[in-house]
Amino acid sequence: MKKGIIIGLVILLVVGGGIGYFFYDLKKKESEYETKLSSTLKQIESSTFESAMLASDYQKYWGDIIKMSIPSSTLASELGILEKEVESYLDYSNTAYFTGMRIGLEEGDIDTMIELVAYAKYKEIKSVKKNHNEVEKSIKDLKNPPKKYTDIYDDLLQIYEVYNTFVSLSTSPVGSYNDYSENINSTYETLSSKIKTTKLQLQ
């Protein structure tokens, strides 16, 4: 075999092997990135559910205290705390009196009720914030996506923006009861819809 032909075959093998490795490496990176995307979406979905449960507690007790005074014993039982812990939030200005020397939180005392829920749900709030931090780290790890995933990455950033708002609402209620309920519900619906759409794109 002539020397030129041999050199040509060697070059062909080297170049061909290099191209093959390039595409193999690209596919591997795309696969790893897609796995991270899916994992991050699951993180957000799980954290959203956890945040929604917390928000629903705020909604429930906020709505209840608007309608009526509630005995300390009832609040303690429902919130899973001691009656004396509830009563530590009461004073002459916000104490309701019931028959049989029972006391409780006075109707309309929204601020104290929100403080009570925050106290009782301290562990849940801490968990929501911890998971939020983990989602934030995952989002940072997904910077500079392969070209194939740039659009989905942009969608993920939009999801993250809505998710941030939802976590903020679920851990720190603000505004009127009606405004809060409307905001938390509409934000949840938007977030759930965006997550579902993006998950379908990855299938």
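**Exercises on a predicted model**

S39 is partly exposed, because its relative accessible area is 38%, where partly exposed covers the range between buried, under 20%, and exposed, over 50% (1.4 Å probe, protein chains only). The model is predicted, so that local features need pLDDT of at least 70 and side-chain atom pairs count only at pLDDT 80 or more, while totals for chains, interfaces and linings use all residues. Residues are numbered from 1 along each chain as its sequence is written, and side-chain values use heavy atoms, with hydrogens and water left out.

**Exercise 1.** Find which pattern the protein follows along the sequence.

*Solution.* Begin with the elements, which are seven helices and three strands; these are DSSP runs (H or I, at least four residues, for helices; E, at least two, for strands), numbered from the N terminus. Reading along the sequence then gives the pattern α-β-α-α-β-β-α-α-α-α. Next, turn to the protein as a whole, in which buried residues make up 35% of the 203 residues. Finally, consider contacts, meaning heavy atoms within 4.5 Å: among those between residues at least 6 apart in sequence, 74% join residues at least 24 apart.

**Exercise 2.** Place S39 and S138, and state by what distance their C-alpha atoms are separated.

*Solution.* First, locate the two residues: S39 is found in helix α1, whereas S138 lies in helix α5. Second, S138 counts as buried because its relative accessibility is 16%. Third, although S39 and S138 are 99 residues apart along the chain, their C-alpha atoms are separated by 8.7 Å. Last, once the neighbours within four places in sequence are left aside, S138 is in contact with T40 and Q43.

**Exercise 3.** Work out which residues form one aromatic cluster with W62.

*Solution.* The structure holds six aromatic pairs, a pair being rings of Phe, Tyr and Trp (its six-membered ring) whose centres lie within 6.5 Å, with planes under 30 degrees apart counted as stacked, over 60 as edge-to-face and the rest as tilted. One of these pairs is formed by W62 and Y177, which is edge-to-face at 5.8 Å centre to centre with 70° between the planes. This pair links distant parts of the chain, since W62 is in helix α1 (residues 3-67) and Y177 is in helix α7 (residues 177-201), 115 residues apart. W62 counts as buried at 3% relative accessibility, while Y177, at 27%, counts as partly exposed. W62 and Y180 form a tilted pair, with 5.3 Å centre to centre and 35° between the planes. Here too distant parts of the chain are linked, with W62 in helix α1 and Y180 in helix α7, 118 residues apart. Y180 is buried, at a relative accessible area of 0%. The cluster is thus made up of W62, Y177 and Y180.

**Exercise 4.** Describe how the axes of helix α5 and helix α6 cross.

*Solution.* The axes, lines fitted to C-alpha atoms over the stretch in contact, with angles from 0 to 180 degrees between N-to-C directions, belong to α5 (residues 122-141) and α6 (residues 150-171), and they come within 11 Å and cross at roughly 165°. Therefore α5 is roughly antiparallel to α6, a term for angles over 145 degrees. As for the residues that meet, those of α5 include I125, V128 and H132, and those of α6 include Y153, L156 and Y160.

Key: Angles under 35 degrees count as roughly parallel, over 145 as roughly antiparallel, 65 to 115 as roughly perpendicular and the rest as oblique.
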